Every structure is written in structure tokens, then in C-alpha cells.
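User: Please take a close look at the helix packing in this model. Go pair by pair, and then add the local details that stand apart from the helices.

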Amino acid sequence: MSPSHEAGWAHVEGALRPHHGGPGWLHPPGNPNALVASLWSSTARKSDGDLVVGGVSVPDLVANVNTPAYILDEADLRARARAFKDAFAGYDIYYAGKAFLCTTVARWVAEEGLSLDVCSDGELTVALRAGFDPARIGYHGNTKTEMELVRAVGEGVGRIVVDSFDEIERLARVTSSLRASGAVSTPQPVMVRVTAGVEAHTHEYIATAHEDQKFGFSITSGDALEAVRRVVAAPGLELLGLHSHIGSQIFDTSGFEVAARRVLALHALLAHERGVVLPELDLGGGFGIAYTTQDDPSAPAVLAAEMSAIVDHECGALGIPRPRLSIEPGRAIVGPAMCTVYTVGTVKRVELDGGVVRTYVSVDGGMSDNLRTALYDADYSCTLASRDSTAPAVLVRVVGKHCEAGDIVVKDEFLPGDVRPGDLLAVPATGAYCRSMASNYNHALRPPVVAVRDGVASTIVRRETVDDLLATDLGCLDHEDAAVAGASRRSS
Ligand code: LLP
């Protein structure tokens, strides 16, 4: 149990002290100006201290678009999409749009031959606006509304992944009324999301296949079998197969192995005892990426070889045909392709008990553009992006500008000791779940996403403006007028 203190955890002796000069895995760099190549997108480099991505100088870029800004390396994203497509030949690769989605990225992944996983009407709308073929879209979510299902079926979404008995009933109702009205004529393809009872080695909030959480039907309890029975019995639904997503930021295929074994055992049971042969199986996403030097992700080719061997072995042992396989990588495609650039606002040296000093470097963004450190205790790294320095490296903590002590961007990093206001700092590997989970906390304006390629920068998502913030604020009217205005605007 952690020691406690009446004034709070931070007062526990040594709680805030940078032990041994930082966490055990973080070592003072030989050259604090150099990039650790494995953490950056493939075209990132330093030129006289300036970070250059996609052939574009980051200081020049932010002179135009300001900071904070997300910079997206198009060649890197496309190469990662292609690497999955090539390595997992014969699989369908659904890019998980929840990691990051805008119309440009939807178009790029379509051009690279990937399908798309969406999990809300908003994501579906972005995909359709980009011209994404609905037949290549999979629709997720543990509580899809009737309106969402009507839209998804009506648009001809290629597969809907059902997640509860309520939803199976709702979807059956929606498809039969759409068929009755002539709006659709073919059965809706469906997958059944199952939980395989696997404890993935990741943060509790992003592990999804153990029993005590909200997603899927348990294989162990028999719910998964019952869900299959109900989908098969619904005339407007066509069962494609089972879906298993065990979690996110996973490095080890042993979790996929246990899940595949349990899911395929259910395939075998259905085939042998019920005569139901499931043509497809989705093994989900979750492939980890490198945020710091602690992380050592496997290449898609290694993952593909291991996962295919697991499935082939299990299908052989169970005497069932190998289903058509699909996966849903999000983070592994977009995560390393983006970095975030900030401007340093203040540098504060705080003396802790025992004379230990922690250097707080505050930047002009924070938990509104990257919630992952605060939410998952995630580790990141960063580099000075606008100059070289000869100052020896010091251990710093990079924090944001929000009114909250937990507003930390990078918990521990070595930066040149003369880091100062006006310097640009860049944080690599922010492509996944940063812009997509960004908020307007403290009425922050969400930063733009600027795509870079071959020396050209293009803003693909612009920075929010104060007008964007105020667009939903109905104004300082008196009580009666406000009620009327609210009602009329709601109905318009
Ligand atoms: N498929 C399903 C059904 C999912 O729920 C997810 C992620 C993925 C695929 C894509 O997983 P990926 O390959 O990106 O790891 N906000 C958290 C991650 C939440 C993941 C949600 N589902 C984070 O920032 O780490």
C-alpha cells in the first residue's frame, strides 16, 4: 500500500523527488540536441537545431500557424498503412478512426487500400464526407442509438459490430423496418463482439477483453453463444463472425494468442454442434508504439507472422477452416506519424524537500491537446525544436497551461539546461488519441493539424477560433428570451 500523509500524497517524504535523476529507464543523453530516431516519424531530423519534418522546418511552419500545433508526416502515415497492408496480406485492415480522423486522413487510408473502423455518427459522417466507400466501413460502439443504427444501415455500412442483447434487438427492429419501407434490400452484415477473458498487459482503462468491463459478450458465461443464436435468428441480419479486441498499446502477441484460442474454440463449437460456419474473424487493434526508449514495438511483418501462425495452428487443431481475418490498428498507423509543437512560456525551478530541485517547463498547451499523461499516466519524450544548445542536460517536467496540477505533458525528460521562454518544444508520437481526445478545457482553442510532405505544409484541420467556442453559447439573454431562443434554435 502507498504511504499516506494527512496533507495529501505529494507531502509523503520523497513522493515528488526525482529519484536517481528520474525514472530508471531514462538516462541522460549523450547529446540532448539529437533526436531518438525510433520515437519520431520517418522524415523527422534536426538541421542546425531546427526540427524538420516532411522537409518542412518546424520553426518556419509555426511562424505561420502558431503553437501549439500538431504536425502530421504524410509519408510516414502512408508508409505505416502500407506496411500493415503488405504484412497482413489477405487480411482486411480497418484503420481505427478513433485514434485520429479527419477527411484528409480518411482519404489517405482509402488510397492505401485500408478499410475504416468508426464508432460514432460523427466519425461516420467524416468518413462519408471524405467519400469513403460505406461497404468498407465497420461500425463499433457499446451503446449505439436507434438513430445511429438507422443511419449506418441506411448508408450501407459494411459491418456493424453488435455489443449487447439490447442492440441486437434494436438492430433487428431497425433493419426490418428499413426493409419494409424498401430503403434497404439486403441483410445487414454483423459481427458479434466477444470478450475472451484475457488480461492484456496495458493500462486498466484501455484493456478491453477481461470480464469486468463494459464491452462485448463473455465467452465464458455463454452470452457470446446466445448472441450468435439471436443474430442468426434475426431475418434482417447476416452473421459474418466474431470480433475480439483485447486492448490497446500491447506489445506482446501472447494476449492475442489466448484470445484467438478461445474465440476459435467458439467457432469450432458453432461449426460442429450448431452447423454455423462463421466466415470471418476480427482480432481487433491494439498494437503498441514507442513513446519513449522503454517501448520496443514489433514490426507489422513480425506481428502478422505470429498472429497467422497462431490462427493456423488453432484452426488445424480444431478441425475448422481458417476464417477470413481482419484487424483494426489505429495507434500503430497514426501515432508515430504526428508530433506536437509547443512554445515554452516559463521555466520554474522548484526546490523540494532535501534540496532536490525539479525544473518545470510550462508550454502553451497541455491536457487539452494531450490528455493521455493525465488520464493514463502515459510517458512521452520531447526535444528542443528551434535551436541547438551546448548547455548540459537537466531533468525537467513539461507541464501545460491549465488550472490543474495534473496537467503534465511529459513527466520526465532531459533537456538542455538553458531551456527558456520562447523555445519551441516538440513531443513525438502524438498522432493517436491526442487531437481525437482534445478538449476545450479552460476554453482552450484546439490546435490545428498541419500535414507536411516533400517540403510543403498544408493545414488539414484549422485551429479553432473564439467564434467556434462561442458558436454553441446562446448568449446573455434574459431568462424568458433565453428559453424561447433556446427552443427555437434547438428546433431549427
Ligand atoms: N478496435 C476497437 C474495437 C477498439 O476499441 C480500438 C481502440 C481499436 C480497434 C484501436 O486500437 P489501437 O490500435 O489504436 O490501440 N484512448 C486510449 C486508447 C483507447 C482505445 C480505444 N479502442 C489511449 O489513448 O491510449
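The answer below takes the helix pairs in turn, then a loop, then the interior space.

Analyst: Keep in mind that this is a predicted model. Two packed helices are described by an angle between their axes and a distance between those axes. Each pair below gets both values, then the handedness, then the residues.

Start with α2 and α3. Helix α2 covers residues 74-87, and helix α3 covers residues 103-111. Their axes lie 9 Å apart, at an angle of about 45°. Angles under 35 degrees count as roughly parallel, and 65 to 115 as roughly perpendicular. The two helices are therefore oblique to each other. The crossing of α2 and α3 is right-handed. On the α2 side, the contact uses E74, L77 and R78. On the α3 side, V105, W108, V109 and E111 take part. Sorted by class, that contact holds four nonpolar residues, three charged ones and no polar ones. The charged residues are E74, R78 and E111.

Next come α4 and α5. Helix α4 spans residues 121-129, and helix α5 spans residues 146-155. Here the axes come within 10 Å and cross at roughly 25°. That makes α4 roughly parallel to α5. The crossing is left-handed. From α4, the contact takes D121, L124, T125 and L128. They meet M147, E148, R151, A152 and E155 of α5. This contact divides into four nonpolar, one polar and four charged residues. The polar one is T125. The charged ones are D121, E148, R151 and E155.

Now α7 and α8. Helix α7 runs over residues 223-233, and helix α8 over residues 254-274. They pack at an angle of about 55°, with the axes 11 Å apart. So α7 and α8 are oblique to each other. Their crossing is right-handed. A224, L225 and V228 make the contact from α7. L266, L269, L270 and R274 make it from α8. By class, six of these residues are nonpolar, one is charged and none is polar. The charged residue is R274.

Leave the helix pairs and turn to a loop. It connects α1 (58-65) to β4 (69-73), and P68 lies in it. A cis peptide bond joins T67 and P68. Omega there is about -5°. N66 sits in the loop between α1 and β4 too. Its phi is near 75°. That is a positive value in a residue other than glycine.

Last, the interior. The count comes to one cavity of 30 Å³ or more. The largest cavity has a volume of about 40 Å³. Its lining includes L39, W40, S41, V53 and I71. P336, A337, M338 and C339 also line the largest cavity. P428 and A429 complete the list. By class, the lining has ten nonpolar residues, one polar residue and no charged residues. The polar residue is S41. I71 also falls within the span of β4 (69-73).

To recap the handedness: α2 with α3 is right-handed, α4 with α5 is left-handed, and α7 with α8 is right-handed.

Notes:
Residues numbered from 1 in each chain as written. Predicted model: local features only at pLDDT ≥ 70, side-chain atom pairs only at ≥ 80, totals over all residues. Heavy atoms only, no water. Axes fitted to C-alpha atoms, helices over the stretch in contact; angles between N-to-C directions. Helix = DSSP H or I, 4+ residues; strand = E, 2+ residues; numbered from the N terminus. Parallel < 35°, antiparallel > 145°, perpendicular 65-115°, else oblique. Left-handed = near helix turned anticlockwise from the far one by under 90°. Contact = heavy atoms within 4.5 Å. 1 Å grid on protein atoms, 1.4 Å probe; cavity = no way out; pocket = protein on both sides within 12 Å on 5 of 7 lines; lining within 4 Å. Points joined across faces, edges and corners; volume = space filled by probe spheres on them.
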